[in-house]
Amino acid sequence: MNASSSQTTKALYITTTLPYVNADPHVGFAMELVRADAVARYKQLMGCDVFFNTGTDEHGAKIHEKATEQGIEPQAYVDTAVTRFKDLIGALGILPEVHFIRTTDEHHMKSAQAFWRRCSANGDIYKGTYEIKYCVGCELEKTESDLDENGCCPIHPTRELEMREEENYFFRFSAYAERLLELYDRTPDFVVPDFRLSEIRAFVERGLEDFSVSRLKEKMPWGIEVPDDPDHVMYVWFDALVNYISTLGWPENTEAFERYWVNGTPTQYAGKDNLRQQSAMWQAMLLSAGLPTSRQIVINGFITSGGQKMSKSVGNVISPHELVAAYGTDALRYYLLRELQPFEDSDFTHERFLEVYNANLANGVGNLVARVMKMAETHLEASPAIPDDTMPREYKDAFERFDLQRAADIAWEHIGTLDERIAEEEPFKLVKTDPERANEIIRELVVGLYTVARMLAPLMPSTAAAITEAITHNTKPATLFPRSEH
């Protein structure tokens, strides 16, 4: 996963958004991180050279607000808070080679300033009067069409909107409507799923308004200083979006940037509340800076709990760390990848989690592996020969569409087929009357189990590794998923 790999190798760049560190990580971001990881792992299996990026967004009013509440400096606050997000890498079984960027990294801050200078030199940054309704929770200005029927931000309805008026720098977003529409026309799968592309196209077609890209330092000092103007700091979204290329070493590390961004397939996972920022604002910024746009933006839905959007105020936030501690990493990965809709909102409850854990993991793949490998250990002298590539075409197609739920469903269809064959042919009984035929069936079951392991490798890597090791040594492994009653 580095830029020195053979130039003939296909290159994939994939990134999550960067979550704010003003609260503990929740299962919604865990979903985004696991999905991006599954795609990265799948592409590696297909021979791609993968650059996988995640990290934390650490500037802006929300961070300044939290640090002030605790009576500490913002840098001290983020230095402590970031560990909770870094810990997700191990807890969720994320590829250890993942690049973790912080927007307080010195290189990132210099990169953001270099990006600003490019946009400014192109005439797209200017000073103007800033008067808007502002949601600190979103770190975004809100127009009337963005608000609910009560005049509140629908994502943070309990936070009062702030009225702001001051002199700020603006980005000339309005100049890029035509070029954005051309991008969407030229790349019909630019945003996945397609209904999100229709949504952002309609937003752009209604006309774009320039957006503020700075804040007065005397009012909100926690940000990257605007080049050549120490009275202003960068607006948090302008700063944070640049991470997608600063993590590659841009602007000075041209090798990595050329390989993964210019000549690779830069792919970004984001939640539906990030649609505008990722697929319009960021793309316009790249065009202004004279840089290539992203290749694809993949938009997730929200995770709800009991039908309500997760929020600290409601008290229904689910901690990924707690779920991993109780059920294990791959159990959570399974739920996030198979039990939640890939592009729509999905509900998450502990009751449903326990139900599918026992049905599909303990009694499903766990029981299948134990039965097949017990028969193999008892009746086969060695593992059978395994074909090089046993993953079905439809499984690969599902990954190419970012439909990871369908990919997981296909794996479980194979699990069900193997279970049915054992029930119908009963090789454990057949060994007494026709051992040759019984052993042939057991060998075929082991090959089928290896196919399952190959399909689980991007989805549930530890489980896949345990199955593969058991097949290699022709032995029954330890219980993969013990039944749980709570």
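Student: Which residue follows α11, and what is its phi near?

Tutor: Keep in mind that this is a predicted model. Helix α11 covers residues 320-327. Right after α11 comes Gly-328, with a positive phi near 100°.

Student: At the start of α11, which backbone nitrogen does a side-chain oxygen of Ser-319 reach?

Tutor: Look at the start of α11, where Ser-319 offers a side-chain oxygen. That oxygen comes to within 3.2 Å of a backbone nitrogen, and the nitrogen belongs to His-321.

Student: Why do the buried residues of α11 line one face of the helix?

Tutor: The buried ones are Pro-320, Leu-323, Val-324 and Tyr-327. An α-helix has 3.6 residues a turn, so residues three or four places apart point the same way. Looking down the axis of α11, you'd find the buried residues on one face because they fall within an arc of 100°.

Student: And which residues of α11 are exposed on the other side?

Tutor: Turn away from the face with Leu-323 and Val-324, which are among the buried residues. Exposed here means over 50% relative accessible area. On that other side you get Glu-322, Ala-325 and Ala-326.

Student: What covers the buried residues of α11?

Tutor: Several other helices do part of the covering. Among them are α1 (27-45), α3 (74-91), α12 (329-339) and α13 (350-379).

Student: Moving to the open sheet of four strands, which are the edge strands?

Tutor: The order is β5-β4-β6-β8, and the pairing is antiparallel. An edge strand here pairs on one side only, and that fits β5 (140-142) and β8 (211-212).

Student: Which residue in β8 stands opposite Phe-170?

Tutor: Strand β6 spans residues 162-171, and two bridges join β6 to β8, antiparallel. Across from Phe-170, in β8, stands Ser-212.

Conventions. Residues numbered from 1 in each chain as written. Predicted model: local features only at pLDDT ≥ 70, side-chain atom pairs only at ≥ 80, totals over all residues. Heavy atoms only, no water. Buried < 20%, exposed > 50% of the residue type's maximum accessible area, 1.4 Å probe, protein only. Arc of directions from axis to C-beta. Contact = heavy atoms within 4.5 Å. Polar contact = N/O pair within 3.5 Å; in protein donor to acceptor, adjacent residues only side chain to side chain. Pairing = 2+ DSSP bridges.
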